[in-house]
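Visitor: Could we go through the terms used for this structure and the values behind them?

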Amino acid sequence: MNETLSVLKSRRSCRKFISEKMPSEADLDAILEAGVFAPSGMGRQPVKIIAVTNKELRDKISAENAKIMGVNIDPFYGAPVILIVIADKSTPTYIYDGSLVMGNLLNAAKSIGLASIWIHRAREEFESEFGYKTYKSLAEANEAEKRLDC
């Protein structure tokens, strides 16, 4: 069977990660590159991918996500890295564009042997005061880079 079709048919969501098992820089770069190459409406590419590798920041984002969800658990299931996909809402196709990026990220992770899961609530989280401040500080700290990695 074609390798791409095999990945598409076999990818599943993981709900128990090994939090100490950080993916290599090369693997993370490959996954992010796949996200960047997702198609978008009219080629606008209105999506940003934030790779959070800093455990303290990851845990703060997790706690805020859990608060929105109304629970006291880790909604990221212990994943050591979270990739946050944010799309420009002024673009008419932003939901589709963001979804295509997410699909590429998930399938790229599977293709190199890493587990993944799609977690909702990024919109609610990053439209909150916490999210706005977090995003602004990340964007300012990484203004010159395409990849926002913290």
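Guide: The turns below set values of this predicted model against the cut-offs for each term.

Visitor: Why are α2 and α4 called roughly antiparallel?

Guide: Helix α2 (residues 25-36) and helix α4 (residues 94-111) pack at an angle of about 150 degrees, their axes being 8 Å apart. Angles over 145 degrees count as roughly antiparallel, and the term therefore applies to α2 and α4. Their crossing is right-handed.

Visitor: What makes the contact of K55 and D59 a salt bridge?

Guide: The definition asks for a side-chain nitrogen of Lys or Arg within 4 Å of a carboxyl oxygen of Asp or Glu. For K55 and D59 the N to O distance is 2.8 Å, so the criterion is met. The two residues lie 4 apart in helix α3 (residues 55-69), separated by about one helical turn. Both also belong to a salt-bridge network with R58 and D74.

Visitor: Why is K55 called exposed, but D59 partly exposed?

Guide: Exposed means over 50% relative accessible area, and buried under 20%. K55, with 57%, is therefore exposed, whereas D59, with 31%, is partly exposed.

Visitor: How do you know that E127 forms a salt bridge with K89 and with R123?

Guide: The closest N and O atoms are 2.7 Å apart for K89 and E127. K89 lies in the loop between β2 (82-87) and α4, and E127 in the loop between α5 (122-126) and α6 (129-141), so this pair ties together parts 38 residues apart in sequence. For E127 and R123 the corresponding distance is 3.9 Å, which is also within 4 Å.

Conventions: Residues are numbered from 1 along each chain as its sequence is written. This is a predicted model: local features need pLDDT of at least 70, side-chain atom pairs count only at pLDDT 80 or more; totals for chains, interfaces and linings use all residues. Side-chain values use heavy atoms; hydrogens and water are left out. Axes are lines fitted to C-alpha atoms, for helices over the stretch in contact, and angles run from 0 to 180 degrees between N-to-C directions. Angles under 35 degrees count as roughly parallel, over 145 as roughly antiparallel, 65 to 115 as roughly perpendicular and the rest as oblique. A crossing is left-handed if the near helix is turned anticlockwise from the far one by less than a right angle, and right-handed if clockwise. Buried means under 20% relative accessible area, exposed over 50%, partly exposed in between (1.4 Å probe, protein chains only).
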